Amino acid sequence: MLLFIIFCPIAAAILIMAGAPARKTALAASALTLAATVFLLISFPGTQQRDFQHVTSFSISTEWHLSFTTGVDGLSLVMVLLAAIVTLVAVWFAGRIDKYENAFYACLLFISGGAIGAFASIDLFFFYAFHELALIPTFLLIGIWGSGNRVAAAWKITIYLAMGSFILLIGLILLYQSLPVASRSFDIRALKAAASLGQISADAQRHIYLLLLIGFGILISLFPFHTWAPEAYASAPAPAAMLHAGVLKKFGLYGLLRLATPLLPEGARHWVGLLVVLLLGNIIYVGLVTIAQKRLDWMLGYSSVMHMGYIFLGIASASVLGATGAVVLMFAHGLSIALLFAIAGELRKRTRTLVLDELGGLGKVMPFAGLAFGLGAFAAIGLPGFANFAGEIMIFFGAFRNGWEMERLHIFQIATVLGLWGIVISTVYMLRAYRKTFMGTLGKHWKELVDLRPALRVPVTLAVGALLCYGFFPQPFVRMIAPAFSTYLAANKQP
Amino acid sequence: MTGPLIALAVLATLGGFAFFARNFLALPTENEVGTLVPVLAIGVLILGSASAIAFYRNRTSEPFDIQLLRHKFYFDEFYGWLIDWTQELLARIAAFFDRWIIDAGAVGGSSGGTWGIGALLRFVQVGNLQAYLFLFGLGIVALIYFTVFR
C-alpha cells in the first residue's frame with residue numbers, strides 16, 4: 001500500500017509525459033493517492049506505536065548497507081497525508097495550462113511523489129534522493145510557467161536550495177562517516193540504534209548538527225536564509241507555490257525531527273541558543289517585514305517564512321508536547337498556506353495584479369473566494385477551531401516548560417512570550433490583507449469578475465474540512481505522533 | 001439579530017452568581033466574604049445606568065458638546081499614533097533591511113562577487129599558448145621559491 005502511495009504519482013507523471021491526458025490522469029492519480037493514504041491512516045495500528053509500520057525493503061548494495069527501505073510511523077504518516085491532500089488540491093486548482101500542459105502536470109506529480117517518498121524513506125540515501133527528485137521540478141515550474149520576474153526568481157531558488165542541499169549532503173556524509181565502520185549504515189533505524197549507544201562522539205555531533213541545521217534551515221527558509229522564499233512563491237504558478245510552501249518545505253523540518261535531533265542530541269543541546277535566536281528572527285523580524293508588504297503574493301510568501309519560526313520553536317523545545325505541536329502545525333500550515341496561495345492564484349488569473357492598493361471590495365463579486373481566503377487567513381492566524389491553533393498552543397506550552405534544564409535556558413520563556421507577539425503580528429498582516437482585498441469599495445474595473453467555479457468548492461472544502469476536523473479533534477493526531485518523540489526526547493535530558 | 005444578544009446578556013448577568021457558575025466551574029471557598037468591592041461595583045453600575053438614561057433618553061444628539069468625549073478620550077488617535085510609530089515603523093525598517101541589506105547586500109553581493117570573479121578569470125583564458133606557458137613557468141618558479149628558499 002505504501003509503495004503504491006509513493007509510486008502512484010510518479011507513474012502517473014511518466015504516463016503523462018508519454019502522452020496520457022494530463023489533467024484527468026493527474027486528478028485520478030492524486031485522488032487515488034489520497035484514498036490509499038486515508039486507508040493507511042485508518043489501518044494504522046495502535047496509538048502507542050513507536051516502530052515503523054508497512055516496512056518494505058529491497059537491498060541495493062550489501063557492501064554499502066544500502067537498501068530501498070520504506071515505512072511509516074505516526075510522524076511520517078501525518079506528512080504523507082499532508083502531501084496527498086495538498087497534491088489533490090493543487091492539481092484541482094491548476095486548471096487548463098496554456099503551454100506544455102503535460103510537462104506542467106508531470107512536474108506537479110513528481111514533486112508530490114518525491115515528497116511522499118522522502119517522508120516514507122527509512123534509508124538515508126533515498127530520503128535525500130527523493131527530496132532532490134521533488135526539488136528539480138519546482139525550479140522548472142517557476143522558470144517556465146511562472147510570472148513576473150520568473151527567471152531571476154527561478155535562478156535564486158535554484159542556487160539557494162542547491163547550496164542548502166549541498167551543505168545537507170556534506171552533513172549526512174559526515175554523519176555516516178562518524179560511526180565506527182561496523183555500525184555504518186544508511187538505515188535510519190540502525191543509525192538511531194548506534195547513536196543511542198553513544199557511537200557518535202560529542203564533538204562530531206556538534207559539527208554535524210550545525211551542518212544539518214544550516215542545510216535543512218536553508219530549505220525551510222530559516223532566518224537569515226529566507227530571502228529566496230517570498231520572491232519564488234510570488235513568481236511561481238499557484239499550484240507550485242502550494243506544493244512547495246505546503247509540503248516540500250516541511251521536508252527540512254521533518255529532517256530535523258527525524259535525523260538531527262534524535263541522532264545528535266549533544267549537537268542539539270550545543271546549538272539550541274543559536275536556533276532560538278534564528279527562529280525569533282523568523283517570528284518577529286520576518287513578521288514585521290510581512291506587515292510592510294504591498295503585494296498579496298509577497299505577503300503570503302513572507303507569512304509562510306514567518307510561521308516556520310513557530311515550528312522551529314516546537315522542535316527546539318526538546319519536549320514531546322512541543323515537538324508534537326510542531327508536527328500538528330506543519331500539517332495545519334501546509335493546508336492553510338496552500339489554500340491561501342490557491343485563492344491568490346485565482347485572483348491573479350482574474351485581476352492580473354496582486355498589489356493590495358489596487359484591489360478592494362472583491363468579496364462583493366467573489367463571495368466564495370472571500371469566504372475561502374477568510375477561513376485560510378483565520379487558520380493561519382491560529383484562531384481556535386483550526387488545527388493551527390492546536391499546534392501553536394502545544395508549541396507554546398511545550399516551549400515554556402521545555403525539555404532542557406530550566407536554570408540554563410530561560411531563553412525559551414522569553415522566546416515563548418515573543419512568539420505570542422508574533423500572533424498579534426500575523427493577525428495584523430492577515431486581516432489587513434483580507435480587508436484590502438475583499439472589503440471596502442469595489443473598483444469599477446472589477447465589477448465583471450466572476451467567482452470561483454463551483455467545482456473548486458470541492459478542494460476548498462477538503463482543505464478547510466481537514467483544518468477544522470483536526471482543529472476540533474487534534475487528539476487522534478497527537479496520540480499518533482507523540483510516541484515517535486517519546487524515546488529520543490527523553491534521551492536528550494541525559495548529561 | 002437581537003436574539004443572540006439577549007441570550008448572551010442573560011448568560012453574562014447570571015454568570016457572576018455562584019448558584020449558576022457552580023454548574024460549570026469548581027468555585028473556591030471563601031473564608032471571609034468581602035462586601036466593599038461588590039457594593040462599590042453595583043453602586044457605580046446603577047449610577048452609570050441612571051445617568052445614561054437621564055442624559056440620553058429621547059435624544060437624537062449628544063447632550064454635551066465636549067471635544068474630549070466626542071473623540072472618545074482620543075483613544076483611537078493615540079492608538080493609531082502609537083502603532084504607526086512603533087510596530088509600523090519597525091516593519092518599515094525591517095522591510096528596508098531585508099530588501100537592501102540581506103537580499104541586495106549579502107545575497108546579491110555574494111552572487112555579484114561570484115559573477116565578478118568569473119568575469120575576471122575569463123580574461124586569463126586568452127587562448128594564447130605562449131601566455132599559458134609563461135603562467136605555467138611563473139607557477140613553477142613560485143613553487144620552487146616557496147618550497148626551497150622559504
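**Exercise 1. Which side chains meet in a salt bridge at 2.7 Å, N to O?**

Start with the kind of model: this one is predicted. Now look where the two chains touch, and you'll find the side chains of A:Arg432 and B:Glu88 paired up, with 2.7 Å from N to O. To count as a salt bridge, the nitrogen has to sit within 4 Å of the carboxyl oxygen, so this pair qualifies. Across the interface of chain A and chain B, the rule turns up two salt bridges. There are also eight residue pairs in polar contact between these chains, with both residues at pLDDT 80 or more.

**Exercise 2. Work out which parts of chain A face chain B.**

Step one is the head count: 17 residues of chain A are in contact with 12 residues of chain B. Step two is area. The two chains bury about 1,100 Å² between them, and carbon and sulfur atoms carry 61% of it. On the chain A side, A:Thr227, A:Tyr285 and A:Leu288 lose the most area, together 38% of what that side buries.

Step three is to sort by element and class. After those eight polar pairs, notice that helix 6 (150-177), helix 12 (265-291) and helix 17 (411-438) of chain A each give two or more residues to the side that touches chain B. By class, that side of chain A has 12 nonpolar, two polar and three charged residues.

**Exercise 3. Describe how helix 17 of chain A packs on helix 6 of chain B.**

A handy recipe: two packed helices are described by the angle between their axes and the distance between the axes. Here, the axes of helix 17 of chain A and helix 6 (residues 87-124) of chain B come within 13 Å and cross at roughly 85°. Angles from 65 to 115 degrees count as roughly perpendicular, so that is the label for this pair of helices.

Next, who makes the contact? Helix 17 of chain A brings A:Trp421, A:Ile425, A:Val428 and A:Arg432, while helix 6 of chain B brings B:Gln87, B:Glu88 and B:Leu90. Split by class, these residues are four nonpolar, one polar and two charged. You'll recognise A:Arg432 and B:Glu88 from the salt bridge in the opening exercise.

**Exercise 4. Find the backbone oddities in the loop between helix 8 and helix 9 of chain A.**

Begin with A:Ser221, which is found in this loop. Its phi is near 70°, a positive value in a residue other than glycine. Then move along to A:Pro224, in the loop between helix 8 (202-220) and helix 9 (228-235). The peptide bond from A:Phe223 to A:Pro224 is cis, with omega near 5°.

Terms used
Residues are numbered from 1 along each chain as its sequence is written. Chains are lettered from A and ligands numbered from 1 in the order in which they are written. Side-chain values use heavy atoms; hydrogens and water are left out. Contact means heavy atoms within 4.5 Å. Buried area is the accessible area (1.4 Å probe) that two parts lose on being put together, summed over both. A polar contact is a pair of N or O atoms within 3.5 Å; within protein, one must be able to donate a hydrogen and the other to accept it, and residues adjacent in sequence count only if both atoms are side-chain atoms. Helices (H or I, at least four residues) and strands (E, at least two) are DSSP runs, numbered from the N terminus. Ala, Val, Leu, Ile, Met, Phe, Trp, Tyr, Cys and Pro count as nonpolar, Asp, Glu, Lys and Arg as charged, and the others, Gly among them, as polar. Axes are lines fitted to C-alpha atoms, for helices over the stretch in contact, and angles run from 0 to 180 degrees between N-to-C directions. Angles under 35 degrees count as roughly parallel, over 145 as roughly antiparallel, 65 to 115 as roughly perpendicular and the rest as oblique.
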